[in-house]
Amino acid sequence: MGVFRFELKQYKTSIIIWALSLSLAIMFLLPMFSGMLTEDKSSVVSSLQDNPMMEAMGISAENFFSPLGVYAFLSSFLMLAASIHAINLGLSIITKEHMQNTADFLMTKPYSRKQIFLSKMAAALCAIFIIAIAYCIGGFVAMLIVTGGGFDYTIFTLLSLVFPLLQVLFLLIGVLIGVIISRVGSTLPLALGVAFGLYVTGLFSNVVNSDIARRFSPFRYFNSNYIMENTQYESSYSILYIVLLVISIAASYMIYMKKDIKMVL
């Protein structure tokens, strides 16, 4: 528990900032965007039918002109920011011991590598879930403000759960990169590169309508149109998500258990 508490204390300020920023962002943006929607939607919807921007974002014009559609649309942007944070957290929580030359000191404490790894993962997941819970609460409050409570709670829950689900996957991607490349001078540029690369791949997959490209972007595993029309996730991409999750955590654990500890001079 010592490592767990220490890591949470280290990231306490970051957790608070991200939780407040994302929750306040959705609470402010959702009512603002919903208020901009015109009463006469038919002409606007028809004009957006083949809009490249809408195709890239993977949301239909009909769904976009509903509060839940706007929520899904805004969440896709805010998820990019959350993914950068998750990857950066996964990278930093693993690599900082190597970069600060404290890895050998940590290993001399009465903790096994297994305990250290699991404690770090527990702390990182706790941070992720705090941020996700704050975001979902902010989204729920925003939906109440916009609709007065008249919205499909099941669809809202499914759309909201995408946030922590993707955060966890991106966190584990960051951890996997961190155990492979321990000497990372600055984790943020790498996190930005990975997140933007996967995000652009997702946009590209929507534009060219390619299932192959879509498999390379976790951002597109949970399609908002499909969720709003079927009230469930796509089974094939849910399975792919679970497979990637298991591979990431298993590979990270095995590499961390066997990795040599080297000082950074």
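The accessible surface of the protein chain comes to about 12800 Å², and carbon and sulfur atoms account for 68% of that area. Bear in mind that this is a predicted model. The chain has 265 residues, 49% of which count as buried. Its secondary structure is easy to sum up: 13 helices and zero strands.

**Overall fold**
- Following the sequence, you meet the pattern α-α-α-α-α-α-α-α-α-α-α-α-α.
- Take the contacts between residues at least 6 apart in sequence: 78% of them join residues at least 24 apart.

**The largest nonpolar core**
- This core holds 69 residues, and those touching the most other members are Leu30, Leu68, Tyr71, Leu159, Phe170 and Phe222.
- Two or more residues each are given to the core by α2, α6 (67-99), α8 (113-147), α9 (153-180), α10 (187-208), α12 (224-230) and α13 (235-258).
- Helix α6 provides the largest share, with 17 residues.
- If you would like one residue to click on, try Phe170: leaving aside residues up to four places away in sequence, Phe170 touches Met79, Ser83, Ala86, Ile87, Leu198, Pro218 and Phe219.

**Helix α1 and its two sides**
- Helix α1 spans residues 2-10, and its buried residues are Val3, Phe4 and Glu7.
- Viewed down the axis of α1, the buried residues fall within an arc of 100°, so they line one face of the helix.
- Arg5 and Lys9 are exposed on the other side of α1.

**Salt bridges**
- Two salt bridges turn up in a search of the whole structure.
- One of them pairs the side chains of Glu7 and Lys120, at 2.7 Å from N to O.
- This pair links distant parts of the chain, with Glu7 in helix α1 and Lys120 in helix α8, 113 residues apart.
- Both partners are on the inside by the numbers: Glu7 is buried with a relative accessible area of 2%, and Lys120 counts as buried at 0%.
- Arg214 forms a salt bridge with Glu234, and their closest N and O atoms are 2.4 Å apart.
- Here too distant parts of the chain are linked: Arg214 lies in helix α11 (residues 211-214) and Glu234 in the loop between α12 and α13, 20 residues apart.
- Arg214 counts as buried at 9% relative accessibility, and Glu234 is buried at 15%.

**A nonpolar patch on the surface**
- Ile16, Leu20 and Leu24 make a nonpolar surface patch of about 290 Å².
- Leu20 belongs to helix α2 (residues 12-36).
- With a relative accessible area of 49%, Leu20 is partly exposed.

Methods:
Residues numbered from 1 in each chain as written. Predicted model: local features only at pLDDT ≥ 70, side-chain atom pairs only at ≥ 80, totals over all residues. Heavy atoms only, no water. Patch = residues over 30% accessible without salt bridge, like charges linked within 9 Å, V, L, I, M, F, W, Y side chains within 5 Å. Areas by Shrake-Rupley, 256 points an atom, 1.4 Å probe, with all protein chains shown as cover. Salt bridge = Lys/Arg side-chain N within 4 Å of Asp/Glu carboxyl O. Helix = DSSP H or I, 4+ residues; strand = E, 2+ residues; numbered from the N terminus. Buried < 20%, exposed > 50% of the residue type's maximum accessible area, 1.4 Å probe, protein only. Core = buried A, V, L, I, M, F, W, Y, C linked by side-chain atoms within 4.5 Å. Contact = heavy atoms within 4.5 Å. Arc of directions from axis to C-beta.
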